[in-house]
Amino acid sequence: MMTLIVSLLLASLCTPLCEGSFSLLSEPRQTCAGYAGIADAIAALTKSVASQAPTQDPLQGVLSNLQQLLRQVTLYQSCGDVTGPSGLYRVQEGNDDPTHYLCETELFGGGWTVIQRRTNGQTNFTRSFNEYRDGFGHPEQEFWIGLTRLHRITASSQHELAILMDAFDGTTATVRYTNFKVAAEADNFRLSTLSGFTGNTGNSMSTSVGKTFSTFDRDTDSAATVNCANVWKGGWWLNGCGDSNLNGFYNGATPTATPKTSMVWTAFKGASQSLKSSIMLIRKYRA
């Protein structure tokens, strides 16, 4: 048992030390050369514990922790390759060095990568162009995956986009697109493709198609007299000030005095009511 505990401690300590948190993506990162060895050791340990832990045995708790740890150190090419429960997984897709993504394996048949998540307004989404390019936050909390990753992932093949939204009055909305593609940084991460809409509310991203990504410090929208991203307090693909911005200011349940100055999807709750939460997910297209 002592050997087991020591092994668990070593594995647990190595994981946070080998790769930085998602909020530090733009900074130099240390790569763990021993990840594969750690994964092999944990896999062997998991198998050993599983063979020795009958039902109701205290080792079942250890086994569960081992299985969770194994999921986080095993390298997957994409969330589409994950067969376990939804959660954090170490993924190569879109990265120079592997990064932990939040993979959704149950919703709409699974295989989804969570690319944006907002739940409580605790993470500041009024960010610079470079921060939106690199990504910020933490996948299990509020975060943005980064435009460079979105370009790399969606450029490789056709990808679907799903968006789940909650309002403060308890209502929900879901929209999906069968084809979602983001261009390279040289083209200001233009939303080059967005088609195949379905949903239980209107298509408030229709005016974003073909538009570049705009932020308070890089105004690329089509409005002649206003920086729309500065008004919204968040970066988005803006045609003028558009009909949606899920990265806008999290204003809470009280409507804003001025329309389109918060986190809105106008077809769902209008231009003045900030949403309670949003989750954006992508996966390779499934016919």
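This is a short talk on one predicted protein model, covering its confidence, its disulfides, three of its strands and two single residues.

Let me start with the conventions. The model is predicted, and residues are numbered from 1 along each chain as its sequence is written; local features need a pLDDT of at least 70, and side-chain atom pairs count only at pLDDT 80 or more, while totals for chains, interfaces and linings use all residues. Side-chain values use heavy atoms, with hydrogens and water left out.

On confidence, pLDDT is the predictor's confidence in each residue, on a scale from 0 to 100. The chain averages a pLDDT of 85, and 75% of the residues score at least 70. Over residues 8-21, however, the pLDDT is below 50, although this stretch has 24 contacts in the model beyond near neighbours in sequence, where a contact means heavy atoms within 4.5 Å. Residues 23-34 also have a pLDDT below 50, and there the model shows 19 contacts beyond near neighbours in sequence. Where pLDDT is low, the predicted coordinates should not be read in detail.

Now the disulfides, which are defined here as pairs of cysteine sulfur atoms within 2.5 Å. How many does a search of the whole structure find? There are two, and if the bonded cysteines of the chain are numbered in sequence order, the pairing is 1-2, 3-4.

C79 and C103 form one disulfide, with their sulfur atoms 2.0 Å apart. The torsion about the S-S bond of C79 and C103 is about -70°, so this disulfide is left-handed. The pair links distant parts of the chain, since C79 sits in the loop between β1 (75-76) and β2 (87-91), and C103 sits in strand β3 (residues 99-104), 24 residues apart. I should say that helices (H or I, at least four residues) and strands (E, at least two) are DSSP runs, numbered from the N terminus. Both C79 and C103 are buried, and the cut-offs are under 20% relative accessible area for buried, over 50% for exposed, and partly exposed in between, with a 1.4 Å probe and protein chains only.

C228 and C241 form a disulfide as well, with their sulfur atoms 2.1 Å apart, and with -90° about the S-S bond this link is left-handed. C228 lies in helix α6 (residues 228-232) and C241 in the loop between β13 (236-237) and β14 (244-245), so the pair ties together parts that are 13 residues apart in sequence. C228 counts as buried because its relative accessibility is 0%.

Turning to the strands, two of them pair if DSSP finds at least two bridges between them. Strand β2 is mostly covered, with five of its five residues buried. β1 and β2 run parallel and are joined by two bridges, and Y76 has V91 in β2 as its bridge partner. On the pairing of β2 with β3, five bridges join strands that run antiparallel; here the bridge partner of G87 is C103 in β3, and C103 is the cysteine whose sulfur is bonded to that of C79.

Strand β16 is mostly covered too, with six of its eight residues buried. Strand β4 (residues 112-118) pairs with β16 in the antiparallel sense over five bridges, and R118 stands opposite S278 in β16. Strand β7 (residues 159-166) also runs antiparallel to β16, and eight bridges join them; in that pairing, L161 has I282 in β16 as its bridge partner.

Which residues does the side chain of Q116, in strand β4, reach by polar contacts? A polar contact is a pair of N or O atoms within 3.5 Å; within protein, one must be able to donate a hydrogen and the other to accept it, and residues adjacent in sequence count only if both atoms are side-chain atoms. The Q116 side chain makes such a contact with the side chain of N247 at 3.1 Å, and with the side chain of S278 at 2.9 Å. Q116 counts as buried because its relative accessibility is 0%. Not counting residues up to four places away in sequence, Q116 touches several residues, including F125, F143, W144 and M280.

Finally, S272 lies in the loop between α7 (266-269) and β16 (277-284). Its relative accessible area is 24%, so S272 is partly exposed. S272 touches P255, T256, P259 and S262, not counting residues up to four places away in sequence, and its C-alpha atom is separated by 5.9 Å from that of K260, twelve residues apart along the chain.
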